[in-house]
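Take a slow look at the sequence and the 3D model below. Then let's walk through what can be read from them.

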Amino acid sequence: MFSEIKQWAVASMLASTAVAGLLACSNWIMPHDPLSLLRYVVIRLTAVLIGLITLTGGMLFVDFITPDDWMDGIGKDPTSSAIVMSAVVLVIGAILCWT
């Protein structure tokens, strides 16, 4: 578990450094509108955060309104519960993507 977290942290730092480098170079790359890349990143990051909150909230809502506890059921019968929850995640994610 610790090695996965370490790998995720290293990959996140490399990606963040790349994004910071691109944002720093945007004045040189796009001299007519140097803040356009920054505006795009802020808009997309806001959309990702709202989507993440909505997706996790939707999963918890579906788990709450159904008669059995699906999140607990994944530990007991992983195949069927995981298939249903992955379908829920895909449908909520598709709704968020195309609305």
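Sort the lining of the largest pocket by class and you get seven nonpolar, two polar and one charged residues. Before going on, keep in mind that this is a predicted model. Who are these lining residues? The list runs R44, A47, V48, I50, G51, L52, L55, G93, L96 and C97. The charged one is R44, while G51 and G93 are the two that count as polar. The space inside this pocket comes to about 210 Å³.

Which elements give two or more residues to that lining? They are helix 2 and helix 4, the latter spanning residues 78-97. Helix 2 gives the most, with seven residues.

Helix 2 also has a partner elsewhere. Helix 1 (residues 2-29) packs with helix 2 (residues 36-65) at an angle of about 145 degrees, and their axes are 8 Å apart. On the helix 1 side, the contact is made by L22, L23 and S26; on the helix 2 side, L37, L38 and V41 do the job. What classes do these contact residues fall into? Five are nonpolar, one is polar and none is charged.

Now for what a record says. The unreviewed UniProt entry carries the annotation "transmembrane region" for residues 6-29, 41-62 and 82-98. Here is how the model looks over two of those stretches:

| Stretch | Helix | Strand | Distance between end C-alpha atoms |
|---|---|---|---|
| residues 6-29 | 100% | 0% | 33 Å |
| residues 41-62 | 100% | 0% | 31 Å |

So how confident is the predictor? The mean pLDDT of the protein is 78, and 93% of the residues reach 70 or more. Where is confidence lowest, and where is it highest? Helix 3 (residues 70-76) has the lowest, at a mean of 70, and helix 1 has the highest, at 82.

Terms used: Residues numbered from 1 in each chain as written. Predicted model: local features only at pLDDT ≥ 70, side-chain atom pairs only at ≥ 80, totals over all residues. Heavy atoms only, no water. Axes fitted to C-alpha atoms, helices over the stretch in contact; angles between N-to-C directions. Helix = DSSP H or I, 4+ residues; strand = E, 2+ residues; numbered from the N terminus. Contact = heavy atoms within 4.5 Å. UniProt positions renumbered as here; feature names shortened; annotations may be inferred. 1 Å grid on protein atoms, 1.4 Å probe; cavity = no way out; pocket = protein on both sides within 12 Å on 5 of 7 lines; lining within 4 Å. Points joined across faces, edges and corners; volume = space filled by probe spheres on them. pLDDT = per-residue confidence, 0-100.
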